[in-house]
Structures are given as structure tokens and as C-alpha cells.
Amino acid sequence: MNKKDECSIYQSLYELYVDEEVEEETVKWMKNHEKTCENCRGTEEKNMEVIRNTEDYQKIKSIKIVTFIMYGFFLALSIWMSIWYLW
């Protein structure tokens, strides 16, 4: 098998690899290939960069921020109400 075929197989299996849906032997091969192949070395960084630039990612990030702010607010409110009730 030549290098181009190996890279093609690696790219095809990458999503399954990330989701941990490949066999242990395949995981070992993919890790070894990633270490030795210049083209496939930055695959994870490239994929994350594409994901970060999508509009959906930005919306989800803003929703997470609002959710954490609301959790903090309700936590502070519940602590304040507990102290006020016991006083």
C-alpha cells in the first residue's frame, strides 16, 4: 500500500477514530500513521479550526455562556434565600 492510499484510509476512518468506534489494532495503526505522515499530522487541529469557524459553534458557545451565568445567578439566589430564611 502506498502513502497516498494510507492517507486516504486514515482520512476515511478519522471520524470513527475520534468517536472511539474503531478496533484497538486500527487505533494503533492510526496513531502510528499520524506520527509518521506529514499530511495527516495536523488533522485534528484542522478539523477543530473548521468547527470553530462555523456559525453553529458560535451559537452553541454563546448559549453555554448564558446557561452558566443563569446557573450562577440561581445558585447565588438560592444561597441568599437560605441565609435570609434562617436569619
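**A buried histidine and the core around helix H1**

At 3% relative accessibility, His 33 counts as buried (buried means under 20% relative accessible area, exposed over 50% and partly exposed in between, with a 1.4 Å probe and protein chains only). The model examined here is predicted, so local features need pLDDT of at least 70 and side-chain atom pairs count only at pLDDT 80 or more, while totals for chains, interfaces and linings use all residues. Residues are numbered from 1 along each chain as its sequence is written, and side-chain values use heavy atoms, with hydrogens and water left out.

His 33 lies in helix H2 (helices are DSSP runs of H or I with at least four residues, strands are runs of E with at least two, and both are numbered from the N terminus). Not counting residues up to four places away in sequence, His 33 touches Lys 3, Glu 6, Cys 7, Tyr 10 and Cys 40, where contact means heavy atoms within 4.5 Å. One of these partners, Tyr 10, is 23 residues from His 33 along the chain, and the two C-alpha atoms are separated by 7.8 Å. Next along the chain comes Glu 34, also placed in helix H2. With 18% relative accessibility, Glu 34 counts as buried. Its contacts, again without residues up to four places away in sequence, are Tyr 10, Tyr 17, Cys 40 and Arg 41.

It helps to step back to the whole chain for a moment. The protein has four helices and zero strands, and from the N terminus on its elements run α-α-α-α. Of its 87 residues, 14% count as buried. About 7,800 Å² is exposed, and carbon and sulfur atoms supply 60% of this area (accessible areas come from the Shrake-Rupley method with a 1.4 Å probe, and for residues only the protein chains shown count as cover). Among contacts between residues at least 6 apart in sequence, 43% join residues at least 24 apart.

Helix H1 covers residues 3–18, and at 1.5 Å a residue its 16 residues should span 22 Å; the end C-alpha atoms are 21 Å apart, which agrees. The expected span is 1.5 Å times one less than the number of residues. H1 bends by about 40 degrees at Ser 12, the bend being the angle between axes fitted to the seven residues ending there and the seven starting there. Just after H1, Glu 20 takes a positive phi of about 55 degrees.

Which residues of H1 are buried? They are Cys 7, Tyr 10, Tyr 14 and Tyr 17. An α-helix has 3.6 residues a turn, so residues three or four places apart point the same way. Leu 16, another residue of helix H1, has 34% relative accessibility and therefore counts as partly exposed. Leaving aside neighbours within four places in sequence, Leu 16 is in contact with Glu 21 and Val 22. The C-alpha atoms of Leu 16 and Val 27, eleven residues apart along the chain, are separated by 9.9 Å.

The buried residues of H1 also appear in the largest nonpolar core, whose nine residues are Cys 7, Tyr 10, Tyr 14, Tyr 17, Val 22, Val 27, Met 30, Cys 37 and Cys 40. Such a core is a set of buried Ala, Val, Leu, Ile, Met, Phe, Trp, Tyr and Cys residues joined through side-chain atoms within 4.5 Å. Two or more residues of this core come from each of H1 and helix H2 (24–36). H1 gives the most, with four residues. Without its neighbours within four places in sequence, Cys 7 is in contact with His 33, Cys 37, Asn 39 and Cys 40.

The aromatic side chains complete the picture. The structure holds four aromatic pairs, meaning rings of Phe, Tyr and Trp (its six-membered ring) with centres within 6.5 Å; planes under 30 degrees apart count as stacked, over 60 as edge-to-face and the rest as tilted. The rings of Tyr 14 and Tyr 17 have centres 6.1 Å apart and planes at 50 degrees, so this pair is tilted. The two tyrosines, being three residues apart in helix H1, are separated by about one helical turn. For Phe 73 and Phe 74, the ring centres are 5.3 Å apart and the planes lie at 70 degrees, so the pair is edge-to-face. Phe 73 counts as partly exposed at 47% relative accessibility, and Phe 74 likewise counts as partly exposed at 47%. Back in H1, ring pairs link Tyr 10, Tyr 14 and Tyr 17 into a cluster.
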